Amino acid sequence: MRSRFAAFRDGDRDWLLTTWHSSTRPDSLDLSDNPVWRGLQIVDTEGGGPDDDTGIVEFRATYLTPDGTIGVLHERSRFVRENGQWFYVDGTFD
């Protein structure tokens, strides 16, 4: 999760697509309107341990809008592990 946040913050399209599960990965990713990501708070986790093949990460990510106000993205993300690598599947938003 932290590496995906850093990739969004840095505009690293390739890393985001590489870590996105093939069943839900978009063909391309346009980050031209990407906000300025400021911080990441992990709220909760389920699974995702050394013996798990699935996991959930609930997080809040703060960002700055073009007019300088602070926004918050609150998401519960689902991940799966395949061949030792974690992939983002999807998420639900508040």
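**Group meeting: a walk through a 94-residue chain**

Let's start with the record. The UniProt annotation "domain: YchJ-like middle NTF2-like", from an unreviewed entry, covers residues 1-91. Keep in mind that this is a predicted model. Within residues 1-91, helix takes up 16% and strand 47%. The C-alpha atoms at the two ends of that span lie 12 Å apart.

Now the overall layout. What does the chain's secondary structure come to? Two helices and four strands. Their order along the sequence is α-α-β-β-β-β. The radius of gyration is 14 Å, and the globule rule gives 12 Å for 94 residues, so the chain is as compact as a globular protein of that length. Along its principal axes, the C-alpha trace spans about 45 × 30 × 20 Å.

Next, the inside and the outside. Of the 94 residues, 28% are buried. The chain exposes about 6,100 Å². Carbon and sulfur atoms supply 47% of that area. Then the contacts. Take those with a separation of 6 or more: 37% of them come from residues 24 or more positions apart. And the charges. There are 10 positive and 17 negative ones, and their mean positions are 4 Å apart.

That is the global picture. Let's go through some individual residues, in sequence order.

Start with Leu31. Where is Leu31 found? In the loop between helix 2, residues 13-18, and strand 1, residues 36-47. Is Leu31 buried or exposed? The relative accessible area of Leu31 is 12%, under the 20% cut-off, so Leu31 counts as buried. What does Leu31 touch, leaving out residues up to four places away in sequence? The list is Phe8, Gly11, Asp12, Arg13 and Leu16. Look at Asp12 in particular. Leu31 and Asp12 are 19 residues apart in sequence, yet their C-alpha atoms are 8.7 Å apart in space.

Move on to strand 3, which runs over residues 70-82. Two residues here deserve a stop. One is Gly71, which has its place in strand 3. Gly71 is buried, at 9% relative accessibility. Beyond its neighbours within four places in sequence, Gly71 is in contact with Ala61, Thr62 and Tyr63. Trp37 gives us a distance to check on screen. Gly71 and Trp37 are 34 residues apart along the chain, and 9.3 Å separates their C-alpha atoms.

The other is His74, also found in strand 3. His74 has a relative accessible area of 13%. That is under 20%, so His74 is buried as well. Which residues is His74 in contact with, its neighbours within four places set aside? Glu58, Phe59 and Arg60 are on the list, and so are Thr92, Phe93 and Asp94. For a distance, take Tyr63. His74 and Tyr63 are 11 residues apart along the chain, with 11 Å between their C-alpha atoms.

Follow the chain past strand 3 and you reach Asn83. Asn83 has its place in the loop between strand 3 and strand 4, and strand 4 covers residues 85-93. Is Asn83 buried or exposed? Asn83 is exposed, with a relative accessible area of 86%. Its backbone is worth a look too. Most residues other than glycine have a negative phi. Asn83 is not a glycine, but its phi is positive, at about 50°.

Last stop: strand 4, where Thr92 lies. The relative accessible area of Thr92 is 52%, over the 50% cut-off, so Thr92 counts as exposed. What does Thr92 touch, not counting residues up to four places away in sequence? His74, Glu75 and Arg76. We just met His74, and Thr92 was one of its contacts too. Finally, Glu58. Thr92 and Glu58 are 34 residues apart along the chain, with their C-alpha atoms separated by 9.3 Å.

To recap. The predicted model has two helices and four strands, in the order α-α-β-β-β-β. Leu31 is buried, Gly71 is buried and His74 is buried. Asn83 is exposed, and Thr92 is exposed.

How values were computed. Residues numbered from 1 in each chain as written. Predicted model: local features only at pLDDT ≥ 70, side-chain atom pairs only at ≥ 80, totals over all residues. Heavy atoms only, no water. Rg over C-alpha atoms; globule rule 2.2 N^0.38 Å. Buried < 20%, exposed > 50% of the residue type's maximum accessible area, 1.4 Å probe, protein only. Contact = heavy atoms within 4.5 Å. Areas by Shrake-Rupley, 256 points an atom, 1.4 Å probe, with all protein chains shown as cover. Lys, Arg positive; Asp, Glu negative; His and termini not counted. Charge placed at Lys NZ, Arg CZ, Asp CG, Glu CD. UniProt positions renumbered as here; feature names shortened; annotations may be inferred.
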